[in-house]
Amino acid sequence: MNEALHILLFNVAGPKRPAIKLISLEIMVVTYSDLVFRTAFRVMCDRVDAESVVVRVFGSVERSGIGFVPLQSEEMENMLLRRTILFCRMKIFRRRVSWLFGEQRPVFVQAVPEVADQDDYTVKQAWQLFCRASFKMTPLQRIVYALSELDSVSVERTASILGLPSFRVNLARIRAVKAVRNELSLYNCEDKYHSYVSFIRQVH
């Protein structure tokens, strides 16, 4: 659990906060922080932004008083994913506004991502390729790719999470896959797409 989440949990604690509420939030963070971070990291291509999204997601849950029962269910996951996507969209929008005013785009790798038993250079190059492809996608395509292609969430469930028709989600997925394949084709590696996706799924 990162330092920001420790601060969040510390701030929840207090004389007016029931102990059961703090315990329930801790259980939720332990159970779902990896899911929220993983999704945000894949959508944002930025570890700092992803960690910020995680704190905002659980902070919003704490303020709303939702979910202070340790439910391990698809319904709970969907609720957290909706909030993750909302805060990712907000960050993407702010990024694009800042770029319009001349701020530089962030580098693709601010902190080297990790994959077990792989050297940093290989991981960094693979992640940069993914992020270049992502930055050519629409926000919807990035979100759909993270959920349906990298996290193997069904198109139907992804559509339910996003509140969109399945055909729109499927179209976004097809276009996102094409963007990644196009990036791989620059290195004559388009035929290795499935191996590449398996590798990216391990990045954290």
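## Helix α7, tucked away

Let's start with helix α7 in this predicted model. Six of its eight residues are buried, so α7 is largely enclosed by the rest of the structure. Which residues of α7 are buried? They are Val155, Arg157, Thr158, Ala159, Ile161 and Leu162. Just after α7 comes Gly163, which takes a positive phi of about 70°.

## How α7 meets α8

Two packed helices are described by the angle between their axes and the distance between the axes. Here, α7 (residues 155–162) and α8 (residues 166–185) pack at an angle of about 110°, and their axes are 9 Å apart. Angles of 65 to 115 degrees count as roughly perpendicular, so that is how α7 sits relative to α8. As for handedness, the two helices make a right-handed crossing.

Who does the touching? On the α7 side, the contact uses Val155, Glu156, Thr158, Ala159 and Leu162. On the α8 side, you'll find Ser166, Val169, Asn170 and Arg173. Sort the residues of this contact by character and you get four nonpolar, three polar and two charged. Some of these names have come up already: Val155, Thr158, Ala159 and Leu162 are also among the buried residues of α7.

## One disulfide

Now for the cysteines. A disulfide is a covalent bond between the sulfur atoms of two cysteines. How many disulfides does the structure hold? Just one, and it is formed by Cys45 and Cys131, with their sulfur atoms 2.5 Å apart. The torsion about the S-S bond is about -105°, so this disulfide is left-handed. Cys45 lies in the loop between α2 (19–44) and α3 (47–64), while Cys131 belongs to helix α5 (residues 120–135), so the pair ties together parts that are 86 residues apart in sequence.

Are Cys45 and Cys131 buried or exposed? Both are buried. Take a look at two further cysteines as well. Cys88 is buried, with a relative accessible area of 1%. Cys189 has a relative accessible area of 22%, so it counts as partly exposed; the cut-off for buried is under 20%.

## Arg89 and its neighbours

Finally, find Arg89 in helix α4 (residues 74–100). Its relative accessibility is 35%, so Arg89 counts as partly exposed. Leaving aside residues up to four places away in sequence, Arg89 touches Pro139, Leu140 and Ile143.

Try comparing Arg89 with Ala40, too. These two are 49 residues apart in sequence, and their C-alpha atoms are 10.0 Å apart in space.

Conventions
Residues are numbered from 1 along each chain as its sequence is written. This is a predicted model: local features need pLDDT of at least 70, side-chain atom pairs count only at pLDDT 80 or more; totals for chains, interfaces and linings use all residues. Side-chain values use heavy atoms; hydrogens and water are left out. A disulfide is a pair of cysteine sulfur atoms within 2.5 Å. Helices (H or I, at least four residues) and strands (E, at least two) are DSSP runs, numbered from the N terminus. Buried means under 20% relative accessible area, exposed over 50%, partly exposed in between (1.4 Å probe, protein chains only). Axes are lines fitted to C-alpha atoms, for helices over the stretch in contact, and angles run from 0 to 180 degrees between N-to-C directions. Angles under 35 degrees count as roughly parallel, over 145 as roughly antiparallel, 65 to 115 as roughly perpendicular and the rest as oblique. A crossing is left-handed if the near helix is turned anticlockwise from the far one by less than a right angle, and right-handed if clockwise. Contact means heavy atoms within 4.5 Å. Ala, Val, Leu, Ile, Met, Phe, Trp, Tyr, Cys and Pro count as nonpolar, Asp, Glu, Lys and Arg as charged, and the others, Gly among them, as polar.
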